[in-house]
Amino acid sequence: MISLWLWVIVPVLLAVGQVLYNVFLHPLAKFPGPVLAGATSWWKVWKEVVMKETLAQELFVLHTKYGDIVRVGPNELHFGKPSAFHEIYSGSRRWDKDPDLYGVPGFKSGSFVFLKYHQAKERRDVLLPMFSKKAMENVEALVWRNATHLATSIAKMDAAKASIDLLYAFRSFTLDTIMSFTFGNCVDALDAPAFSDPLILAMDATLPILPFLKNFPTIRRIAYAIPASLVMNLLPNSEKLAPRLYLVRDIVHRELQTVLHNPEKLDDAPHQTIFHRMLDAKAHKSKVVPNLSELHDEGFTLIFAGANTVADTMLMGHYNMLQHPQLLAQLKQELATVWPDLQTPPTLRDLETLPLLTATIKESLRFIPSGVSLTRVIPAGGAVIAGKTIPAGTVVGMAILHVHMSEEVFKDAYTYKPERWLAGTEGSKELDQWLVAFSRGPRMCFGVNLAWAELYVAFATMIRNFDMTLDGTTPEDMEWRECIAAYYPNRHLHAWCRPVES
Ligand code: HEM
């Protein structure tokens, strides 16, 4: 009987002791914030997992109440002043990524999930040539091919009198593009009826689980330790999902085998894939070629980082453009200057010269759902951020949303106004430094050139090929949630897309 009590009382006392320590004695005790947030990490579980909230949205209220720095967990601070973003994600600060956040995708290695700067730098140096602006010249044809494929599939659906789920349509475009770019092959999501390829559906179904995996790292580690085949047997609907996921793995294996047996095949490829870079021993500082599982992890990491982000930008752009018919008309007019004959598309370089299209993409990037605090760990010796000394070991971060929706830098921040980016508009020159959709510093996105190429070509293709109108989409349909990758819990953006005659 006594030992039973001990089993109950000891953990309760330890938990109470921990809470008291967090509130009164923890090195972050002096930082303001909700008492419960500082006391226990269950506060975040409540918000993100139970209430399904995006903390970054509530943080606007918390920053107004508590100031520029808010304690959001026993060991975590969130910063709210735009200038703090450039302090945390600065080129000279090579802080580790936070394992609790970057462990969520479940890859053992890969550019996005490497915690240490030096690991990420080594891999970045290997892959960077395939992402350079110059390399995009060879990727352009692939992007145009997929954008045209997107337009053809949309036109077919329109002919069948169906409106288009633009979220799935854009995700199909970006998934096929990033897979072909990365591996030289894809799942042909653009051919799936109603853009509902099982892989698109499976990826979408996974997104709402991520807040749970983020907040319960131990359960996550156990889940990821179970062999994939077993997980597939346990998952509901796995018979539909598993073949698709295995197909992606098969594509990687097949391409790899082809390359290993016929290395000269790589010379025929129109653009570089990860196989060109990763299998080139000379490209690696260690001169060691990564093994199959590392290759696989890097490929999946690139898909994770590069597919939905581009689609989200297109989604936000289209929702807002469709609410501003005058903007859409001006964009059509501008596009006609470089794309007069529908059958003869312009080049990417032509599109890059268009001021309004460029401004529209920038404004769409400003509106992307980016509610996750990109957390970093303060190294030994501590650091000063926003004028305050932050102790070593503290997890710090800031959500991009807090820069992009700051009235301090963007007037009428919640209004979609591409013209704010146009040369000649007051303050437009200074704005670029506050467009941080790709983050900044040593772990900034290196897919930025590919992302811009996709955005230019896909925006232009949609605007030039279709007369688009919303199909009953409401602001509620566009609601998103995010704590590492955004998802849209409601109906999604639907639009009628009537092909234009010429
Ligand atoms: C509009 C599209 C995109 C946006 C808004 C975006 C945004 C970002 C952001 C904010 C980060 C920093 C994340 C962090 O600190 O944790 C990042 C990192 C990264 N992105 Fe992108 N991204 C986009 C497209 C792409 C594409 C097309 C690729 C190509 C595969 C890509 C690959 C990566 C990689 C590999 C990283 C990790 C870099 C590192 O940690 O060293 N991204 N991206």
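## A tour from helix H9 to the ligand and the sheet

Begin by selecting Asp-165, where, at the start of H9, one of its side-chain oxygens comes within 3.1 Å of the backbone nitrogen of Leu-167; helices here are DSSP runs of H or I with at least four residues, strands are runs of E with at least two, and both are numbered from the N terminus. This is a predicted model, in which local features need pLDDT of at least 70 and side-chain atom pairs count only at pLDDT 80 or more, while totals for chains, interfaces and linings use all residues. Residues are numbered from 1 along each chain as its sequence is written, and side-chain values use heavy atoms, with hydrogens and water left out.

Next, colour the whole of helix H9 (residues 166–183), whose 18 residues should span 26 Å at 1.5 Å a residue, which agrees with the 25 Å between its end C-alpha atoms; the expected span is 1.5 Å times one less than the number of residues. Of the 18 residues in H9, 18 are buried, meaning under 20% relative accessible area, with a 1.4 Å probe and protein chains only. Just after H9 you reach Gly-184, which has a positive phi near 85 degrees.

Now move to the ligand and select its iron atom, for which the protein offers a single donor, the SG atom of Cys-445, 2.3 Å away; donors are N, O and S atoms within 2.8 Å of the metal (3.2 Å for Na, K and Ca), and since water is not among the atoms, sites may look incomplete. Cys-445 itself sits in the loop between helix H23 (428–431) and helix H24 (448–465).

Widen the selection to the 28 residues around the ligand, of which Lys-97, Tyr-102, Arg-376, Arg-443 and Cys-445 come nearest, a residue being near if one of its heavy atoms lies within 4 Å. Two side chains to display here are that of Lys-97, with a polar atom 2.8 Å from a ligand oxygen, and that of Arg-376, with a polar atom 2.7 Å from an oxygen of the ligand. Helix H7 (117–131), helix H17 (292–306), helix H18 (308–322) and H24 each give at least two residues to this shell.

Finally, show the open sheet of five strands, ordered E1-E2-E8-E5-E3 with mixed pairing, where two strands pair if DSSP finds at least two bridges between them. Its edge strands, E1 (69–73) and E3 (96–97), each pair on one side only. E1 and strand E2 (residues 76–79) run antiparallel over four bridges, and Gly-73 has Glu-76 in E2 as its bridge partner.

Definitions and conventions. A polar contact is a pair of N or O atoms within 3.5 Å; within protein, one must be able to donate a hydrogen and the other to accept it, and residues adjacent in sequence count only if both atoms are side-chain atoms. Buried means under 20% relative accessible area, exposed over 50%, partly exposed in between (1.4 Å probe, protein chains only).
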